[in-house]
Amino acid sequence: MRILHILDHSLPLHSGYSFRTRAIVKAQMARGWEVACLTGPRHFKPGPDPETCEGITFHRTPAITGGKSPLREWREIQALAARLERFIGEWRPDQLHVHSPVLNALAALRIAKRSGLPLLYEIRAFWEDAAVGNGTGKENSLRYRATRMLETHAARHADAVAVICEGLRRDLVSRGIVPEKIIVAPNGVDMSMFGNPLAPDPAFAHRHGLTGADVVGFIGSFYDYEGLDDLIAAMPLLLAKRPQAHLLLVGGGPMEEKLKAQALASPAAARIHFIGRVPHEQVELYYSLIDVLAYPRKAMRLTELVTPLKPLEAMAQRKLVAASDVGGHRELIEDGVTGTLFPAGDPAALAAALDTLFANRSGWEQRREDAHAFVERDRNWSSNISRYIPAYQRLTGKAL
């Protein structure tokens, strides 16, 4: 079986998107399948073509410079389609596996038809909702509605559709996509990378002023929808109950300066620590500093429909998880068993949930074990990858 993955971007860029790709491809390679990867013109990091990262070889489509929307997007589709057609002629895959955004699907659909190859379209988030989430689009705008139509068109014409969660599946069914052609391949964790957490390092904790502290943390990208403003707003309330509380924020993004200004003005300013972005190989060190990972996502279409990856990584690291009760979190977290849920957009409720967790340390080990077991059993990429097999077999007619 030769599978060609068509991607927006990839390693060496670090993102949830590229880490999911890495997990899928490595798990497929471990099964003995032949796998190739092709990125579109939006992979913006200069490098060789092809480029090998962490044992995976990525082929590239040259970047498109200049041009205004929607002409720029049309040129990107054309460029990827041309590169894809050439690569198919060279490598001759059995199966096309194209990953969102929809621009990739629009490029691949025409080439799949021309080449007589089956196409599975994997949707990690709807592009129109992602644009609203990162602040580049507005819900129900003309652009939003047009993008939604294109997304539905791509799902309808793909031979099979994979989604990362039930929320996306239900939404596609409501658009008229045949349920039988949709598979759910949920976010997972490479347990060989995250399943053996580092022991706490007292010297590292001392260096960050966290010796003996009750540490709440967030590791990820600073987008508005992540609700980090609510987490900062909760800190004075938490400190009133937990005088040793500290907040550790690891990462960066569009909201960084605004969040820093909010923190500086907070009565809890001395207890809020911005670490910045850290090399991927150091992330586990920062996980080891944190007692409770907090995910206060705001309630909106994106967060209601899409499950995030970070809470799963935290569970694999045997960390306690506290998260807002948006749909994407409810699909991952069993309240009181594998994590704690609190009302979205409510700093007081967030502070109360964190205080309750710190006040009940006797139950921490059982919760850590339950959460880790859930990820090992249901969200481990070594087994998750089997969810694609029925679709691949049906589309190619080949046994796997």
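This is a short walk through one helix, one buried loop residue, and the cavities and a pocket of a structure that is a predicted model.

Let me begin with helix H5, which runs over residues 142-157. Helix H5 has 16 residues, and from its first C-alpha to its last it reaches 23 Å, which is close to the 22 Å expected at 1.5 Å a residue. If you look for its buried residues, you will find Tyr144, Thr147, Glu151, Thr152, Ala154 and Ala155. Seen down the axis of H5, these buried residues fall within an arc of 160°, so they line one face of the helix. As a reminder of the general background, an α-helix has 3.6 residues a turn, so residues three or four places apart point the same way. On the face of H5 that is turned away from the buried side, we have the exposed residues Leu142 and Met149.

What covers the buried residues of H5? The cover includes the helices H3 (102-115), H4 (127-133), H6 (166-174) and H12 (301-305), together with the strands E6 (119-123) and E7 (160-163).

Two of those covering elements, E7 and H6, take us to the next residue, since isoleucine 164 has its place in the loop between E7 and H6. Is isoleucine 164 buried or exposed? Its relative accessible area is 3%, and because buried means under 20%, isoleucine 164 counts as buried. Leaving aside neighbours within four places in sequence, isoleucine 164 is in contact with Arg20, with Ile123 and Arg124, with Val184, Ala185, Pro186 and Asn187, and with Val306 and Thr307. For a sense of distance, isoleucine 164 and serine 266 are 102 residues apart in sequence, and their C-alpha atoms are 37 Å apart in space.

I turn now to the enclosed spaces, where a search of the whole structure finds two cavities of 30 Å³ or more. The largest cavity holds about 90 Å³ of space, and 13 residues line it, of which Phe19, Arg22, Ala23, Gly188 and Asp190 lie nearest its centre. Helix H1 (16-30) and helix H7 (191-194) each supply at least two residues of that lining, and H1 gives the most, with five residues. Divided by class, the lining of the largest cavity has seven nonpolar residues, one polar and five charged.

The second largest cavity has a volume of about 60 Å³, and its lining consists of Asp8, Gly40, Pro41, Arg42, Glu76, Ile77, Leu80, Leu103, Asn104 and Ala107. At least two of these lining residues come from helix H2 (71-91), and at least two come from H3, the helix that we met as part of the cover over the buried residues of H5. By class, this lining has five nonpolar, two polar and three charged residues.

Last comes an open space, the second largest pocket, with a volume of about 340 Å³. This pocket is lined by 22 residues, and those that lie nearest its centre are Pro200, Ser288, Ile290, Asp291 and Lys319. The elements that give two or more residues to the lining are helix H8 (202-207) and helix H16 (364-378). Which of the elements gives the most to the lining of this pocket? That is H16, with three residues. As for class, 12 residues in the lining of the second largest pocket are nonpolar, three are polar and seven are charged.

Note on methods. Residues numbered from 1 in each chain as written. Predicted model: local features only at pLDDT ≥ 70, side-chain atom pairs only at ≥ 80, totals over all residues. Heavy atoms only, no water. 1 Å grid on protein atoms, 1.4 Å probe; cavity = no way out; pocket = protein on both sides within 12 Å on 5 of 7 lines; lining within 4 Å. Points joined across faces, edges and corners; volume = space filled by probe spheres on them. Helix = DSSP H or I, 4+ residues; strand = E, 2+ residues; numbered from the N terminus. Nonpolar A, V, L, I, M, F, W, Y, C, P; charged D, E, K, R; others polar. Expected span 1.5 Å × (residues − 1). Buried < 20%, exposed > 50% of the residue type's maximum accessible area, 1.4 Å probe, protein only. Arc of directions from axis to C-beta. Contact = heavy atoms within 4.5 Å.
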